[in-house]
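Colleague: Please take me slowly through the largest enclosed space in this model, and then add a word on one helix contact elsewhere in the list.

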Amino acid sequence: MALRHFGAAAAIALTVGLSASPALAVTEIQWWHAMTGANNDVIVKLATDFNASQSDYKVIPTYKGNYPDTMNAGIAAFRAGNAPHIMQVFEVGTATMMAATGAVKPVYKLMADAGEKFDPKIYLPAITGYYSTSKGEMLSFPFNSSSTVMWVNLDELKKANVEIPKTWPETFEAAKKLKAAGHDTCGFSGSWITWVNLEQLSAWHNVPLASKANGLDGFDTVLEFNGPLQVKHLETLVELQKTKTYDYAGRTNTGEGRFTSGECPIYLTSSAFFGNVKAQAKFNFTAVPMPYYPDVKGAPQNSIIGGASLWVMGGKSAEEYKGVAKFLTFLSDTDRQVYIHKASGYLPITKAAYAKAKEEGFYKDQPYLETPLLELTNKEPTENSRGLRLGNMVQLRDVWSEEIEQALAGKKTAKQALDAAVERGNTMLRQFEKTAVK
């Protein structure tokens, strides 16, 4: 009898245990990203805070290398059947991701299917437009948005008796004075050679990078950045490279330490460099708008965004998608957006977060954190400055960089280099157009 009772009790305990175990099971959400340094700390904190806020889902962030590496790893993983749930893809990967039907789950559809409240109108249009269809349907979730700014070492400019430059001619003159004052290896420099000196340069001066609104209006776009403005700009860089008044710092952002070390007193790169500048610079600094050519009518226009968005990968379960949707809602919270903005220098993606940062007087103490927002909203965007959506952009940028490097090394003229970059790029765009789903 006792044994029978024990058996019954054990059975009941076992049944209770089994029925309780699904409630204890946590659904893991894999998040692949490309953030390093101070920005990696922000990613880890966001995942940790989300995981602590509920017990059903666990977001696991994993660094997968730089932006191109992360995108390539994600695409390869999807083909192998083990893609992450969320993948951070830089803005220029948008066309490639849009064309990958089946590989991604559009955010607007994810939120609707998961029954998660979602209003695209709460986000800043200058940012969301880049990641939406022509109907305004959000394809990916804007996560870390930035723009190009000019970082300035205020102490070194003061020593050399140089004013903060506003135009490109003033920047070239300032760099010559800084070089004469002891910056032998670098008067000024910058990262992301094509983003800064082709893509942003063109938008900032309302000149086309490519036809069809830089590809936003169709994959049958044709490159057009070998015009007088872009050629003149590259010619000047080539000339200044000879004396290291300008010194090339690479295709991506690997050269950014040249600013924080004090070597290059003027440095053009992403506004998201803020976290590392704040942590590493032992001098007074600021970030000001990109220089412009005053002889170009209407300049400056508006800048375009950089950074990345979060793409949700296809082929996951409804339960997993529910967790992803809850995480995106978590990220959209106003206070959380203000935290991301303050900690990283990336832009707030919601109107409420921008308004709150202003109300709190945040930009009074650190006006340089508003610089990219002022650039993005400087003027109503035109066909040339809404953004860009070119297929195979990672490979395109490599080709453009290759040609610019040929010019900087004196192996080609600036015009020959940009003509070749356009010609080679157009061949790649036609290949993409053939394979892309219209």
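Modeller: The cavity comes first, and the helix contact follows. The model is predicted, so local features need pLDDT of at least 70 and side-chain atom pairs count only at pLDDT 80 or more, whereas totals for chains, interfaces and linings use all residues. Residues are numbered from 1 along each chain as its sequence is written, and side-chain values use heavy atoms, with hydrogens and water left out.

Searching the whole structure gives three cavities of 30 Å³ or more (a cavity being a set of points on a 1 Å grid over the protein atoms alone where a 1.4 Å probe fits but cannot get out). The largest has a volume of about 50 Å³, taken as the space filled by probe spheres set on the points, which are joined across faces, edges and corners. Its lining, meaning residues with an atom within 4 Å of a point, consists of Trp-168, Phe-188, Ser-189, Gly-190, Ser-191, Ile-193, Val-196, Asn-197, Leu-237, Tyr-246 and Leu-268. Strand S7 (188–190) and helix H9 (193–204) each give at least two of these residues, where helices (H or I, at least four residues) and strands (E, at least two) are DSSP runs numbered from the N terminus. By class, the lining holds seven nonpolar and four polar residues, with no charged ones; Gly counts as polar here, and Trp and Tyr as nonpolar.

As for the helices, H2 (residues 37–53) packs against H14 (residues 318–332) at an angle of about 115 degrees, with their axes 11 Å apart; axes are lines fitted to C-alpha atoms over the stretch in contact, and angles run from 0 to 180 degrees between N-to-C directions.

Note on methods. 1 Å grid on protein atoms, 1.4 Å probe; cavity = no way out; pocket = protein on both sides within 12 Å on 5 of 7 lines; lining within 4 Å.
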